[in-house]
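Here is a guided walk through a protein fold, written to be read with the viewer open. Take a look at the chain, and then we can go through it piece by piece.

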Amino acid sequence: MASPDERRHRLLAAALVALVLGAAVYGIGHVRGGTSHAAAADPAATATAPVTPATRPPDPTRPAAGLPALDLPDPTEDLVPRVVPVAAGGLPEVESLLWYPGIPGADELMVGTVSGRIDATRRLFDPQPARREMAPVVALTFDDGPDPRWTPMILQLLAEKNVKATFCLVGYLARRHPELVLAERDQGHVLCDHTEHHVEHLDAAPHDQVVQEVTDGARSIASITGVVPPLYRAPGGHLGPDVIAVARGQGLRVLQWSVDPHDYERPPAAVIAARILSTFRPGAVILLHDGGGDRGETVAAVRIVIDTLKAQGWAFATPMFGPAPP
Ligand SMILES: [Zn+2]
């Protein structure tokens, strides 16, 4: 024997089936009536044939007394198209290898002019997801600048070799040398937020300091270029969940590296170059420095690495764009 509770559940289930069936019938009628909405969207059509809202048909979805109404669009209101982007997605949370962002897609929504409800969705373009570089291409990245002595040398070398790189800037140094930041941008290099004061172990810092360092670093760059940089790199590579969340929350991709030749310890150029040339692979992100001390050996090593890799048919790219033509 069914208990009163079970009987109530069965009645409710039967009512829901009736509602869903009713909604399906109603939906077919609504699509058929949709031509008037299409006409409304066409200015030429509206000039000759004013749109009259459809009169409300007998409503099979109207529930029996006591049951809640279904949340359906009002058939008497007009619909207007609205195009919305569809995120490309596909980038890893932390990028240690070379990735390129995807291309967003687009959906067209038909939105009720009165209720604001979405009546239908149509895919205009599929998004193209992010792509990892698998070809013989590597990325050079330079941290801790800009520096008035070493950055111009690196820029001159990159221009001479037609190589695009990524510069991870310390905010207060960027504000001290805005002309170097603009030179980097004007030569087509990609800029990256490396915090305002190069605070190492930001992963262990209070949340407020994380927010301030990441935000101020990006703002310092934007105050010079007018554009917020697309990337964040943690000083020392010290990342924690909070740092990653704060950077990504500000729309910054988190850039690590896969090759670290320890150029900041100032070994000879040949050693720096040999460390890179013995560990690189397709899509490698190479960590170098154009600030923070004497970078003479780094400059010389970069020349060796570019010449050697180019001679072997390798190309150079940034996390924003594919490789430049040779
Ligand atoms: Zn650094």
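Which residue is the bridge partner of M110 in strand 5? In this predicted model, the partner of M110 in strand 5 is A120. That pair is a good place to start the tour.

## The chain at a glance

The protein chain has 10 helices and 13 strands. Of its 326 residues, 29% are buried. Among contacts with a separation of 6 or more, 73% join residues that are 24 or more positions apart.

## A three-stranded open sheet

M110 belongs to strand 4, which is part of an open sheet of three strands in the order 1-4-5, with antiparallel pairing. Strand 1 (79-86) and strand 5 (118-125) are the edge strands, each pairing on one side only. Ignoring direction, neighbouring strands here are turned by 25° against each other on average.

On one side, strand 4 (residues 105-112) is joined to strand 1 by eight bridges, and P81 stands opposite M110. On the other side, six bridges link strand 4 with strand 5 in the antiparallel sense. Strands 4 and 5 form a hairpin with five residues between them, and G116 in the turn has a positive phi of about 75°. None of the eight residues of strand 5 is buried, so strand 5 lies largely in the open.

## Strand 12, an enclosed strand

Is strand 12 (residues 285-289) largely enclosed or in the open? Five of its five residues are buried, so strand 12 is largely enclosed by the rest of the structure. V285, L287 and H289 point one way, while I286 and L288 point the other way. In a regular strand, side chains alternate between the two faces of the sheet.

Strand 12 runs parallel to strand 7 (residues 137-145), and five bridges join the two. Within this pairing, T141 stands opposite L287.

## The nonpolar core

The largest nonpolar core has 53 residues, and those that touch the most other members are A139, L140, L169, C192, Y232 and I286. Helix 10 (residues 296-311) gives the most to this core, with five residues. In soluble globular proteins, nonpolar side chains tend to be buried together.

I286 of strand 12 is worth clicking on. Not counting residues up to four places away in sequence, I286 touches V138, A139, L140, T141, W257, V259, I276 and F280.

## Two crossing helices

How do helix 6 (residues 178-186) and helix 7 (residues 207-225) pack, and at what angle? Their axes are 10 Å apart and the angle is about 75°, which makes helix 6 roughly perpendicular to helix 7. Helix 6 brings P178, V181, L182 and R185 to the contact, and helix 7 brings I221, I224 and T225. Sorted by class, the contact has five nonpolar residues, one polar and one charged.

## Loops worth a look

The loop between strand 9 (190-193) and helix 7 holds L202, and H198 lies there too. L202 has 23 other C-beta atoms within 10 Å and is therefore buried. Outside its neighbours within four places in sequence, L202 is in contact with T195, V210, E213, A234, P235, H238 and V243. The C-alpha atoms of L202 and H238 are 6.7 Å apart, although 36 residues separate them along the chain. H198 is buried as well, with 21 other C-beta atoms within 10 Å, and has a positive phi of about 55° although it is not a glycine.

Q256 sits in the loop between strand 11 (253-255) and helix 9 (269-277). With 17 C-beta neighbours inside 10 Å, Q256 counts as partly exposed. Beyond its neighbours within four places in sequence, Q256 contacts V94, E95, S96 and G237. The C-alpha atoms of Q256 and L287, 31 residues apart along the chain, are separated by 8.4 Å.

## Backbone details around helix 4

Two backbone features can be found in the loops on either side of helix 4 (150-161). In the loop between strand 7 and helix 4 lies P146, and the peptide bond from G145 to P146 is cis, with omega near 5°. In the loop between helix 4 and strand 8 (166-169) is N162, which is not a glycine but has a positive phi of about 55°. N162 has 13 other C-beta atoms within 10 Å, so N162 is partly exposed.

Methods:
Residues are numbered from 1 along each chain as its sequence is written. This is a predicted model: local features need pLDDT of at least 70, side-chain atom pairs count only at pLDDT 80 or more; totals for chains, interfaces and linings use all residues. A nonpolar core is a set of buried Ala, Val, Leu, Ile, Met, Phe, Trp, Tyr and Cys residues joined through C-beta atoms within 7 Å. A residue is buried if 20 or more other C-beta atoms lie within 10 Å of its own, exposed if 12 or fewer, and partly exposed in between; C-beta atoms are placed from the backbone. Helices (H or I, at least four residues) and strands (E, at least two) are DSSP runs, numbered from the N terminus. Two residues are in contact if their C-beta atoms, placed from the backbone, lie within 7 Å. Axes are lines fitted to C-alpha atoms, for helices over the stretch in contact, and angles run from 0 to 180 degrees between N-to-C directions. Angles under 35 degrees count as roughly parallel, over 145 as roughly antiparallel, 65 to 115 as roughly perpendicular and the rest as oblique. Ala, Val, Leu, Ile, Met, Phe, Trp, Tyr, Cys and Pro count as nonpolar, Asp, Glu, Lys and Arg as charged, and the others, Gly among them, as polar. Two strands pair if DSSP finds at least two bridges between them.
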